[in-house]
Amino acid sequence: MGEILVGTCSWTDRALIGSGWYPPGRRDPEGRLRHYAERFPVVEVDSTYYALPSARTSRLWAERTPDGFVFDVKAFSLLTGHPTRRAAMPDGLPPERRDAKVLDEVWALFTEGIEPLRAAGRLGSVLFQLPPWVRPGRRAGQFLRECAERTAGWPVSVEFRHPAWWRAEWADATCALLTRYGMTAVAVDMTQTLPTSVPPVTPVTSPRLSVVRFHGRSAHWGTGSKEDRFRHEYDEGELADWLPGLRDLARRTDEVHVLFNNCCGAAAVHAAERMRRLLGADAPPSAEPAGGS
């Protein structure tokens with residue numbers, strides 16, 4: 001039976017910081033991470049989607065968290081085919097994915113930035129979240145093949161935002177594609193009322209890891225402000241409905257990461273706390289944080 005690790009998709013979200021969840025004296029960068037890591041064993045780093053990570057910061061993250069704590073790192077936007085701000089690019093490089101030299105440089109910087117986590121055994125997965133306009137087909141398959149070549153030896157997970165990937169006519173081919181490259185299929189919980197809704201399927205494509213991301217169930221997914229898209233408080237019944245599926249994933253993989261992305265105020269940490277209680281894992285990690293700087 002694999003271990004189920006529950007956490008959230010960020011510990012630095014502005015709305016979470018402003019919610020009062022972090023107590024006085026724990027609101028600086030070091031204090032926030034230590035406080036979070038005393039309560040959850042995994043976190044997703046979403047800041048690496050918006051800006052390339054630095055090795056120094058990754059090293060500090062590893063030092064400030066207990067042994068066994070892991071980070072799922074979201075791949076930089078240029079590496080997943082999303083629009084990228086020019087200001088986020090290093091050394092004046094253009095945000096042009098089709099330029100091979102630019103792409104090579106960005107891959108090298110991203111690899112360097114997460115290396116301290118990988119070397120410390122703290123890299124849970126690198127999440128490649130594909131844009132919602134990427135459909136199944138030859139071009140997408142070529143992208144994943146190139147990604148697999150670039151990330152050889154890394155733990156990689158893939159989230160598709162176009163629902164066709166998990167519809168009946170494509171699901172088997174999608175599983176076969178990810179399995180071929182040893183990539184973890186990311187399952188999602190989201191509203192099922194929209195044409196763009198991704199079905200809540202739970203395929204296993206890697207024996208090492210399964211990932212489930214809970215986006216909330218807002219009908220404003222894909223539109224409106226960030227708060228509109230992610231505003232949702234999971235109740236106990238909605239979470240309990242997932243328990244059989246999560247336990248089934250744990251029987252089929254070495255580890256399951258359950259990550260809450262309903263980042264509106266403290267909704268994500270509260271949902272994660274409820275899910276841990278429901279899974280019988282409400283005790284905080286027992287390891288003491290290693291010395292940090």
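**Exercise 1. Is Pro131 buried or exposed?** Then place this residue in the fold.

*Solution.* The model is predicted. Start with the relative accessible area of Pro131, which is 1%. Buried means under 20%, so Pro131 is buried. Next, locate the residue. Pro131 lies in the loop between β4 and α7. Now list the contacts, leaving aside neighbours within four places in sequence. They are Thr80, Gly81, His82 and Arg161. Last, take a distance. Ala55 is 76 residues from Pro131 along the chain, and the two C-alpha atoms are separated by 27 Å.

**Exercise 2. Find the centre of the largest nonpolar core: which residues have the most contacts inside it?**

*Solution.* Take the size first. The largest nonpolar core has 86 residues. Inside this core, Phe71, Phe110, Phe260 and Met275 have the most contacts. Then ask which element gives the most. That is helix α6, residues 100–119, with 7 residues. Now look around Phe260, again without neighbours within four places in sequence. Its contacts include Val6, Gly7, Thr8 and Cys9. Phe214, Tyr234 and Leu239 are also among them. So are Ala268, Ala271, Ala272 and Met275. A general tendency applies here: in soluble globular proteins, nonpolar side chains tend to be buried together.

**Exercise 3. Describe helix α6 from its start to the residue after it, and check its span.**

*Solution.*

1. Begin at the start of α6. A side-chain oxygen of Asp99 comes within 3.0 Å of the backbone nitrogen of Lys101.
2. Check the span. The helix has 20 residues, and at 1.5 Å a residue they should span 28 Å. The end C-alpha atoms are 27 Å apart, which agrees.
3. Look for a bend. α6 bends by about 35 degrees at Gly113. A proline, Pro116, follows within four residues.
4. List the buried residues. They are Val102, Leu103, Val106, Trp107, Phe110, Gly113, Ile114, Pro116 and Leu117. Gly113, the site of the bend, is thus one of the buried residues.
5. Find their packing partners. The buried residues of α6 pack against the helices α3 (47–50), α4 (55–63), α5 (77–80) and α7 (138–150). They also pack against the strands β3 (70–74) and β4 (123–129).
6. Finish beyond the helix. Gly121 follows α6, and its phi is positive, near 75 degrees.

**Exercise 4. How many salt bridges does a search of the whole structure find?** Then examine three pairs and one network.

*Solution.* The search finds 17 salt bridges. As a general point, side chains of opposite charge can pair when their charged atoms come close.

- Pair one is Arg26 with Glu38, with the closest N and O atoms 3.2 Å apart. Arg26 sits in the loop between α1 (14–17) and α2 (29–37), and Glu38 in the loop between α2 and β2 (42–45). They are 12 residues apart. Arg26 is partly exposed at 22% relative accessible area. Glu38 is partly exposed too, at 29%.
- Pair two is Glu38 with Arg39, also with closest N and O atoms 3.2 Å apart. Arg39 counts as partly exposed, at 33%.
- Pair three is Glu238 with Arg217, at 3.8 Å from N to O. Glu238 belongs to helix α10 (residues 236–240), while Arg217 is in the loop between β7 (209–214) and α9 (226–230). They are 21 residues apart. Glu238 is buried at 15%, whereas Arg217 is partly exposed at 29%.
- The network joins Glu44, Glu159, Arg161 and Arg213 through salt bridges that share partners. Arg161 is also one of the contacts of Pro131.

Note on methods: Residues numbered from 1 in each chain as written. Predicted model: local features only at pLDDT ≥ 70, side-chain atom pairs only at ≥ 80, totals over all residues. Heavy atoms only, no water. Core = buried A, V, L, I, M, F, W, Y, C linked by side-chain atoms within 4.5 Å. Buried < 20%, exposed > 50% of the residue type's maximum accessible area, 1.4 Å probe, protein only. Helix = DSSP H or I, 4+ residues; strand = E, 2+ residues; numbered from the N terminus. Contact = heavy atoms within 4.5 Å. Expected span 1.5 Å × (residues − 1). Bend = angle between axes of the 7 residues up to and from the residue. Polar contact = N/O pair within 3.5 Å; in protein donor to acceptor, adjacent residues only side chain to side chain. Salt bridge = Lys/Arg side-chain N within 4 Å of Asp/Glu carboxyl O.
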